[in-house]
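Visitor: Please take one part of this model and go through it closely. I would like the strand pairings and the residues that face each other.

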Amino acid sequence: MLNPYLLRNELKLVAKKLLKKNYKLDICAISSMEDKRKELQIKTEQLQNEHNILSNMFRDQKNTNKKNENLKNKIIKLSEILKIFKNKLNSLKEKIHNFSIHIPNIPLDDVPEGKTSMDNKKIKYWGQKRKYNFTVKDHIEIGKKFNELDWESSAKISGSRFVVMKGNIALLHRALSQFMLDLHTLKHGYIETYVPYLVHPDALYGTGQLPKFSDDLFHINFIDKNSYILIPTAEVPLTNLVSNQIIDETDLPIMLVAHTPCFRSESSSYGRDVKGLIRLHQFDKVELVQIVQPEKSLEMLEKLTNHAEQVLQLLDLPYRKILLCTGDMSFSSAKTYDLEVWFPSKKKYVEISSCSNMTDFQARRIKARYRKKHEKKNFFVHTLNGSGLAIGRTLAAIIENYQLSDGRIEIPKILQKKYMKGLEFIN
């Protein structure tokens, strides 16, 4: 949620910046509501002040045994009027709140302006693309040949966009998650965290998936019981761990990592990557979340992105780093880097990680603040998150990049001894 001060005092500037994100702010609507709010606020405060004065007068007269029925009746009548104005003010505040939660975050000044992914800025390329003296197969065909990516069984059980993994490919999938967790905890300093996969809607409002992206989520409703939603990413429970908290500055940064399944209906991705491991309804991901001081969030975004990059570098997978333009960023993000891994069968790069600085946008929604030493005022933290990495897509990238002419799949060296029981190839 945006800082209310900006909407009240810098509305035109905010509208101009949001337009870069392809969002047209209704200036007239928010101005009209704010003008009415100010008017009601002033009137309510005046009535409250008058009520306090009369109440004090009545208390003093009562203490001196002086009875004043007229004053008492005046206070009762004023209380009724005050209640009406308070209700009107609270109702209007709720209306402004409901309007505000649909407004996306403002892009930072160094984010390139653009409308689509075509306007994204390429930051760097890493790694050498392998050369093949045979016809390259995609991971779907290879998985079927090995009978270890089973699309038919998953379709029978659950429908399309699910997969059953078997044998050494299933082992490789598990090995990747363990490798990523070890790297992020032992080298990068994240705290491994196990989180629920079902959350209340409030948690998704807090991170910005609701109300806008409700159709992309799997909702679970129990009659006369709580409603739950399956997490689309571990960002949701990890970020909400600090909701409604005031954190001591000495405890920052908070760096958390979790391996979870993720559940997405993908209703907004009709027709895109409907086959294979790229866009499933259920997939695994290792997620990185940081809670930091505002002045450090830009620096920490670079570090977090580098942490994700190191996974690709250690697996020796060619990739490129992209800075998203204003029009291609997510609802909650102020700045985002995408990491895209090379897929030889597609002859193109495919997103495998998205690393974002949310500034104080999520913190305001979840009321996450921190206390500076020697200062009485509390400040909103900045939240960051990124994939470190999407495991299914990493698996698919390894299958394709490491395929050999004799049909085998070479296992990345860093995984062979410690994570793959000494296996060098999948036969």
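Guide: In this predicted model, strand 4 and strand 9, the latter spanning residues 254-263, pair in the parallel sense over two bridges. Within strand 9, leucine 256 is the residue opposite isoleucine 191. The wider setting is an open sheet of eight strands with mixed pairing, and its order is 1-11-12-13-16-10-9-4. Strand 1 (121-126) and strand 4 (191-192) are the edge strands, each pairing on one side only.

Another set of pairings involves strand 14, residues 368-371. Strand 14 runs parallel to strand 8 (residues 245-248), and four bridges join the two. Here arginine 371 of strand 14 has aspartate 248 opposite. Strand 14 also runs antiparallel to strand 15 (residues 378-380), to which three bridges join it. Tyrosine 370 has phenylalanine 379 in strand 15 as its bridge partner. The hairpin of strand 14 and strand 15 has six residues between the strands, and histidine 374 takes a positive phi near 70 degrees in this hairpin.

The side chains of strand 14 can be read residue by residue. In a regular strand, side chains alternate between the two faces of the sheet. Strand 14 shows such alternation: Ala368 and Tyr370 point to one face and are buried, whereas Arg369 and Arg371 point to the other face and are not buried. Tyr370, then, is a buried residue with a bridge partner in strand 15, while Arg371 is not buried and stands opposite aspartate 248.

Note on methods: Residues numbered from 1 in each chain as written. Predicted model: local features only at pLDDT ≥ 70, side-chain atom pairs only at ≥ 80, totals over all residues. Heavy atoms only, no water. Pairing = 2+ DSSP bridges. Buried < 20%, exposed > 50% of the residue type's maximum accessible area, 1.4 Å probe, protein only.
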